[in-house]
Amino acid sequence: MRWYILGESERLQSGDFVTVAVAFNELEATLVRDYLRERRIYAHTPPFTPFLYPPLQQIYVWVPRTKVQQAVELLKQLVSEWQEEPTDDEG
């Protein structure tokens, strides 16, 4: 996994939004964001503009302040789901 859930002291805040996770590539950021959106958490990430700017080193996933706890619980479920999936080596 190239992302992780942010601890309370690591979370950034801007207005009514708070970061709950950080990813290190666009694909993982999109997967995390979409996972939350599919579960009715309005999550967003900054727009990816590789042609105008260099790729971001850290891509934060933002959610409304009122949904932080629910988003973190869902992301914990996602982590456990991804850990349970068998790899090609395991059959």
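These questions and answers go through a predicted model of one chain.

Student: What pattern does the chain follow, read along the sequence?
Tutor: Start with the elements. The chain has 2 helices and 4 strands. Read along the sequence, their pattern is β-β-β-α-β-α.

Student: Where is confidence lowest, and where is it highest?
Tutor: The model is predicted, and the mean pLDDT of the chain is 87. Of its residues, 81% reach 70 or more. Helix H2 (residues 68–84) has the lowest confidence, at a mean of 92. The highest, at 96, is in strand S3 (residues 17–23).

Student: How many bridges join S3 to strand S4?
Tutor: Take the partners of S3 in turn. Strand S1 (residues 3–5) pairs with S3 in the antiparallel sense over 3 bridges. Strand S2 (residues 13–14) also pairs antiparallel with S3, over 2 bridges. S4 (residues 59–64) runs antiparallel to S3, and the number of bridges is 6.

Student: Which residue is the bridge partner of Ala-21 in S4?
Tutor: Match the residues across the strands. Tyr-4 stands opposite Val-22 in S3. Gln-13 stands opposite Val-18 in S3. In S4, the partner of Ala-21 is Val-61.

Student: Which residue takes a positive phi in the hairpin of S2 and S3?
Tutor: The hairpin has 2 residues between its strands. The phi in question is near 60°. The residue that takes it is Gly-15.

Student: Is S3 largely enclosed or open to the outside?
Tutor: Buried means under 20% relative accessible area. In S3, 6 of the 7 residues are buried. Therefore the rest of the structure leaves S3 largely enclosed.

Student: What span should helix H1 have, at 1.5 Å a residue?
Tutor: H1 (residues 26–38) has 13 residues. Its end C-alpha atoms are 18 Å apart. That agrees with the expected span, which is 18 Å.

Student: What arc do the buried residues of H1 cover around the axis?
Tutor: In H1, Glu-28, Ala-29, Val-32, Arg-33, Tyr-35 and Leu-36 are buried. They lie on the same side of H1, because they cover an arc of only 155°. An α-helix has 3.6 residues a turn, so residues three or four places apart point the same way. For the buried set, then, the arc is 155°.

Student: Which residues are exposed on the other side of H1?
Tutor: Exposed means over 50% relative accessible area. On the side of H1 away from the buried set, the exposed residues are Leu-27 and Glu-38.

Student: Which residue's side-chain oxygen reaches the backbone nitrogen of Leu-27?
Tutor: Look at the start of H1. The oxygen comes to within 3.2 Å of that nitrogen. The side chain belongs to Asn-25.

Student: What phi does Arg-40 take?
Tutor: Arg-40 comes just after H1. Its phi is positive, at about 65°.

Student: Why is the pair of Phe-17 and Tyr-42 called edge-to-face?
Tutor: A search of the whole structure finds 2 aromatic pairs. In the pair of Phe-17 and Tyr-42, the ring centres are 6.2 Å apart. Planes over 60 degrees apart count as edge-to-face. Here the planes are at 70°, so the pair is edge-to-face.

Student: How many residues apart in sequence are the parts this pair ties together?
Tutor: Phe-17 lies in strand S3. Tyr-42 lies in the loop between H1 and S4. The pair therefore ties together parts whose separation in sequence, in residues, is 25.

Student: What is the relative accessible area of Tyr-42?
Tutor: Phe-17 is partly exposed, at 26%. Tyr-42 is partly exposed too, and its relative accessible area is 48%.

Note on methods. Residues are numbered from 1 along each chain as its sequence is written. This is a predicted model: local features need pLDDT of at least 70, side-chain atom pairs count only at pLDDT 80 or more; totals for chains, interfaces and linings use all residues. Side-chain values use heavy atoms; hydrogens and water are left out. pLDDT is the predictor's confidence in each residue, from 0 to 100. The expected span of a helix is 1.5 Å times one less than its number of residues. Buried means under 20% relative accessible area, exposed over 50%, partly exposed in between (1.4 Å probe, protein chains only). The arc is that of the directions from the helix axis to the C-beta atoms. A polar contact is a pair of N or O atoms within 3.5 Å; within protein, one must be able to donate a hydrogen and the other to accept it, and residues adjacent in sequence count only if both atoms are side-chain atoms. Two strands pair if DSSP finds at least two bridges between them. Rings of Phe, Tyr and Trp (its six-membered ring) pair if their centres lie within 6.5 Å; planes under 30 degrees apart count as stacked, over 60 as edge-to-face and the rest as tilted.
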